[in-house]
Amino acid sequence: MGRRYSAAMPARQYLPALWLLSDARNDARLEAALERLPRGSGFIYRHYHLAPAERVARWHALARAARSRGHVLILADSTMTALEWGADGAYGAPRALYPRRDLLTLATAHDMAEIGQANRIGADALLLSPAFATRSHPGAVALGPARFRLLAAQAQMPVIALGGMTPDTARRLAWPGWAAIDGLS
């Protein structure tokens with residue numbers, strides 16, 4: 001994970017170590033956050049809070065900003081929608097993803113069952129959460145470093161830590177790949 005990025009490299013061959021996820025909470029700060037991210041980072045566009053037409057329009061605006069910095073763009077939606085919108089890949093629960101050779105497939109997981117599903121479909125990467133307490137899932141039991149590592153060891157693909165991730169918690173976890181909403185915006 002985290003191979004050196006080249007603008008000529010297809011996204012399918014490159015998996016960033018650092019990922020920003022979009023959310024209603026960070027929407028107003030996304031352009032600035034995308035600008036601050038190191039060139040070639042990853043951006044996962046969720047924006048479930050918007051009506052369909054608004055969601056598409058916001059995607060295109062943010063995609064322009066992200067592409068100008070060489071970021072990899074992932075859409076939290078179906079594989080077909082990711083293709084239609086020009087994303088580099090799709091993000092979601094493993095049971096809802098259909099991997100393709102020309103798109104990155106990022107699966108979400110919170111437990112062994114979902115890790116097993118991600119392994120079976122051959123996801124390119126797994127976002128395992130919540131590594132730490134997070135506003136996204138109030139009251140959810142955080143995995144913590146030890147349980148995170150035990151679960152991550154079961155994945156047959158690179159694992160990206162999600163949930164309560166900031167530069168400080170990333171250092172504490174000492175994991176090569178991480179993603180955040182608030183922690184990067």
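Helices and strands are taken here as DSSP runs, with at least four residues for a helix and at least two for a strand, and they are numbered from the N terminus. On this basis, Ala174 of the predicted model falls in the loop between α6 (167-173) and β8 (178-180). The chain as a whole contains six helices and eight strands. Read from the N terminus, these elements follow the order β-α-β-α-β-α-β-β-α-β-α-β-α-β.

The overall dimensions of the chain were examined next. The radius of gyration is 15 Å, which agrees with the value near 16 Å for a compact globule of 185 residues. Along the principal axes, the C-alpha atoms occupy a box of roughly 40 × 35 × 30 Å. Of the 185 residues, 52% are buried. Among contacts with a separation of 6 or more, 50% are made by residues 24 or more positions apart. The exposed surface of the chain comes to about 8600 Å², and 55% of this area is supplied by carbon and sulfur atoms.

Several loops contain backbone geometry that departs from the usual pattern. In general, most residues other than glycine have a negative phi, and most peptide bonds are trans. Ala174, in the loop between α6 and β8, has a positive phi near 55° although this residue is not glycine. Ala174 counts as exposed because its relative accessible area, 53%, is over the cut-off of 50%. A positive phi, of about 45°, is also found at His47, again not a glycine. His47 is located in the loop between β2 (42-45) and α2 (52-68). With a relative accessible area of 1%, His47 lies under the 20% limit and is therefore buried. Thus His47 is buried, whereas Ala174 is exposed.

A cis peptide bond links Ser129 to Pro130, with omega near -5°. Pro130 belongs to the loop that runs between β6 (125-128) and α5 (144-152).

The surface was also searched for pockets. The largest pocket holds about 340 Å³ of space. Its lining comprises 22 residues, and those nearest the centre of the pocket are Thr134, Ser136, Leu162, Gly163 and Ile181. By residue class, the lining of this pocket consists of nine nonpolar, nine polar and four charged residues.

Technical notes. Residues numbered from 1 in each chain as written. Predicted model: local features only at pLDDT ≥ 70, side-chain atom pairs only at ≥ 80, totals over all residues. Heavy atoms only, no water. Buried < 20%, exposed > 50% of the residue type's maximum accessible area, 1.4 Å probe, protein only. 1 Å grid on protein atoms, 1.4 Å probe; cavity = no way out; pocket = protein on both sides within 12 Å on 5 of 7 lines; lining within 4 Å. Points joined across faces, edges and corners; volume = space filled by probe spheres on them. Nonpolar A, V, L, I, M, F, W, Y, C, P; charged D, E, K, R; others polar. Rg over C-alpha atoms; globule rule 2.2 N^0.38 Å. Contact = heavy atoms within 4.5 Å. Areas by Shrake-Rupley, 256 points an atom, 1.4 Å probe, with all protein chains shown as cover.
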